[in-house]
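Please find below a colleague's note on the structure that follows. The points are numbered and may be read separately.

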Amino acid sequence: MVLYSAENVPVPVDKDGFLKNLTDWSPAIAEQLASAENIQLTPSHWQLIDLIRDFYQVFGLSPAMRPLVNYAAKQLGPEKGRSIYFLQHFPGSPAKLLSKIAGLPRPENCL
Amino acid sequence: MEFLSIFSRQAYGNSFARECLDMALATAAFGQALTLVFVEEGVLQLAQEHSTKHGDKKPHSGVINALPLYDISQIFYLEEDALKWGLTAAQLPEHAIAISTDKYKTLINNAQCVQSF
């Protein structure tokens with residue numbers, strides 16, 4: 001998959017589509033990454049993208065599902081602080097998929 | 001089963017700190033009752049960085065700061081060891097609570113499984 005920056009320059013990604021340089025991310029890049037996963041970004045998707053980017057800013061790491069869902073419960077309320085809410089927006093592996101689209105490193109998997 | 005994880009080394013120059021943390025995260029992920037105690041050099045793992053830039057962070061200080069989000073809420077450190085290293089409560093995470101040596105002994109006695117790294 002090839003991503004293009006605003007200046008139409010190809011943006012390097014790894015074999016799974018994660019950005020090689022986190023500074024290359026932009027909302028337009030997020031749209032391209034989402035579209036490659038057949039996801040249409042709605043305002044509620046963007047709220048989760050902002051949430052995970054905020055998490056990265058605060059803690060310096062990409063969250064796994066458990067801390068991500070707990071963080072969502074804390075920041076967005078109990079309705080959104082549930083795995084099912086994330087799965088509905090970013091199916092399959094929400095933490096991994098969301099960190100990719102949000103231009104963050106892949107979450108560590110300690111298990 | 002009550003688990004107790006003891007962090008006694010600093011995060012640099014060895015893998016013990018990371019391994020202890022990984023064990024703790026795995027234990028919590030399986031829904032076990034878990035308590036963490038930071039003692040001796042281990043209290044240094046709790047010390048907050050002055051800079052928040054990612055590049056300056058210690059290997060796992062982000063996770064240490066996020067521990068409550070991993071459903072780990074029983075986090076203690078030995079007050080006398082923090083003092084030895086010149087650390088005040090203000091330099092340590094809010095979710096970490098200072099304890100005395102007596103309380104530390106109680107925690108060890110109450111746990112069924114103690115892992116010390």
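1. Helix 1 of chain B covers residues 16-29 (helices are DSSP runs of H or I with at least four residues, strands are runs of E with at least two, both numbered from the N terminus). Its 14 residues should span 20 Å at 1.5 Å a residue, and the end C-alpha atoms are 20 Å apart in this predicted model, so the two values agree. The expected span is 1.5 Å times one less than the number of residues.

2. The conventions are as follows. The model is predicted, so local features need pLDDT of at least 70 and side-chain atom pairs count only at pLDDT 80 or more, while totals for chains, interfaces and linings use all residues. Residues are numbered from 1 along each chain as its sequence is written, chains are lettered from A and ligands numbered from 1 in the order in which they are written, and side-chain values use heavy atoms, with hydrogens and water left out.

3. Among the buried residues of helix 1 of chain B are B:Cys20, B:Leu21, B:Ala24 and B:Leu25 (buried means under 20% relative accessible area, exposed over 50%, partly exposed in between, with a 1.4 Å probe and protein chains only). The buried residues of this helix pack against helix 3 (65-76) of chain A, and also against strand 1 (2-7), strand 2 (33-38), helix 2 (61-66) and strand 5 (113-116) of chain B. After the helix comes B:Gly31, with a positive phi near 70 degrees.

4. For helix 3 of chain A, 12 residues at 1.5 Å each should span 16 Å; the end C-alpha atoms are 15 Å apart, which agrees. Its buried residues are A:Pro67, A:Leu68, A:Val69, A:Tyr71 and A:Ala72. Their cover includes helix 2 (43-59), helix 4 (83-89) and helix 5 (94-101) of chain A. Just after this helix, A:Gly77 has a positive phi of about 100 degrees.

5. How many aromatic pairs does the whole structure hold? The search finds 5 over all chains (rings of Phe, Tyr and Trp, the last by its six-membered ring, pair if their centres lie within 6.5 Å; planes under 30 degrees apart count as stacked, over 60 as edge-to-face and the rest as tilted). The rings of A:Phe55 and A:Phe59 form a tilted pair, because their centres are 4.7 Å apart and their planes lie at 45 degrees. These two residues are 4 apart in helix 2 of chain A, about one helical turn.

6. A:Phe59 is buried, at a relative accessible area of 9%. The rings of A:Phe59 and A:Tyr71 have centres 6.1 Å apart and planes at 80 degrees, so this pair is edge-to-face. The pair links helix 2 of chain A, holding A:Phe59, to helix 3 of chain A, holding A:Tyr71, 12 residues apart. A:Tyr71 counts as buried at 4% relative accessibility, and A:Phe55 does so at 0%. Ring pairs join A:Phe55, A:Phe59 and A:Tyr71 into a cluster.

7. Chain B contains 4 helices and 5 strands, in the sequence pattern β-α-β-α-β-α-β-α-β. Of its 117 residues, 48% count as buried.

8. On confidence, the model scores ipTM 0.86 and pTM 0.88. The mean pLDDT (the predictor's confidence in each residue, from 0 to 100) of chain B is 88, and 91% of its residues reach 70 or more. Over residues 51-59 of chain B, however, the pLDDT is below 50. Where pLDDT is low, the predicted coordinates should not be read in detail.

Methods:
Contact means heavy atoms within 4.5 Å.
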